[in-house]
Amino acid sequence: MTIKLDCYTYFPNVYKDFKLKQKSLPNWITDKTKELDYFTNIYKNNINVPLWSDMTLQVDNSGEVVHELTEDDKYKHKLTNIVSKTYYNELMFSNVILLELKSPWLIKSDSDIMFHYTTILWNHIKSVDKFWFLNKAFSFKEPKQIDLTFMITMKAGRQGIAKGTEVMQLVPMSHEPVEINHHLISPEEYEKIKNNK
C-alpha cells in the first residue's frame, strides 16, 4: 500500500518554490554516513517542510511583537499570538510568546495514518535558542493545515528565519511508502476542500 498525500495551496510562489520534500537527508551528514543503509532508511519516508515565508520578529521592551512576513502575489501570510485566544494558562507563558504561523498548505490523505510533525533542529541551529517549534501529530484523512506553532522569548530584540529553511518534518507512523502530489488551486477551491465539501 502507498500512502497518498495531496497538498493544496493557492499561493503561487509557495507552489513554485516551497513544496514539501521527500527523502531529504540532514545537512550535517557526511558522504560516509550516506553509505549506511540503516541510517538512510530512517529518513527515506520523512517529509521536510520548508518555511514558506521570510519571518522577522521584533520584540519591544513591553513584550509586544511586530512581525514582517513575505507577501505572495496578492496573498499575505498570517502570524498570530495564540495565548490570549486559547485555554492556555497565561501564567505559564509569562516569559515567552506563543505564536502560530498559518500554513499555506492544506493536506488530504487517502489513509488514516498518523504523522508526527517535529522540528528539524540542525537546519536552524543559529536560531535554536530563539525559536522553539512545537511538535504535533496529524492524520490527514480529514484535510488539515500544517500550521507552525512556536515560542519566542519576551526579551527585547530582533530575530528571524529565512524562507526556504526546512524547519519541520512530517514523519509517517508507518513503513509504507508515501507519494506526494502538489496542487495549485483557487482560494475558493481551497476552502471547499478545507471544509470537506
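Student: How many aromatic pairs does a search of the whole structure find?

Tutor: The search finds 10 aromatic pairs. The model is a predicted one.

Student: Why is the pair of Tyr 10 and Tyr 75 called edge-to-face?

Tutor: The ring centres of Tyr 10 and Tyr 75 are 5.0 Å apart and the planes stand at 75°. Rings pair if their centres lie within 6.5 Å, and planes over 60 degrees apart count as edge-to-face, so both conditions are met. The pair links distant parts of the chain, 65 residues apart: Tyr 10 is in the loop between β1 and α1, Tyr 75 in strand β7. Ring pairs also join Tyr 10 and Tyr 75 with Phe 11 and Tyr 190 in a cluster.

Student: What makes Tyr 75 buried?

Tutor: Its relative accessible area is 17%. Buried means under 20%, so Tyr 75 qualifies.

Student: Why is the pair of Phe 131 and Phe 150 called tilted?

Tutor: Their planes are at 40°, with the centres 5.7 Å apart. Stacked needs under 30 degrees and edge-to-face over 60, so what remains is tilted. Phe 131 lies in the loop between β11 and β12 and Phe 150 in strand β15, so the pair ties together parts 19 residues apart in sequence. Phe 131 and Phe 150 are both buried.

Student: How do you know that Lys 102 forms a salt bridge with Asp 147?

Tutor: The closest N and O atoms of Lys 102 and Asp 147 are 3.2 Å apart. The cut-off is within 4 Å, so the contact counts. Lys 102 sits in the loop between β9 and β10 and Asp 147 in the loop between β14 and β15, so parts 45 residues apart in sequence are tied together.

Student: Is Asp 147 buried or exposed?

Tutor: Asp 147 is buried, because its relative accessible area of 9% is under 20%. Lys 102, at 34%, is partly exposed.

Student: What makes Arg 158 exposed and Glu 68 partly exposed?

Tutor: Arg 158 has 52% relative accessibility, and Glu 68 has a relative accessible area of 46%. Exposed means over 50%, so Arg 158 passes the cut-off and Glu 68 does not. Their side chains meet in a salt bridge of 3.7 Å, N to O. Glu 68 in strand β5 and Arg 158 in strand β16 are 90 residues apart.

Student: What makes Lys 19 count as sitting over the ring of Tyr 15?

Tutor: The charged end of Lys 19 is 4.0 Å from the ring centre of Tyr 15. The distance limit is within 6 Å, and the charge must also lie within 35 degrees of the ring normal. Lys 19 is found to sit over the ring.

Terms used: Residues are numbered from 1 along each chain as its sequence is written. This is a predicted model: local features need pLDDT of at least 70, side-chain atom pairs count only at pLDDT 80 or more; totals for chains, interfaces and linings use all residues. Side-chain values use heavy atoms; hydrogens and water are left out. Rings of Phe, Tyr and Trp (its six-membered ring) pair if their centres lie within 6.5 Å; planes under 30 degrees apart count as stacked, over 60 as edge-to-face and the rest as tilted. Helices (H or I, at least four residues) and strands (E, at least two) are DSSP runs, numbered from the N terminus. Buried means under 20% relative accessible area, exposed over 50%, partly exposed in between (1.4 Å probe, protein chains only).
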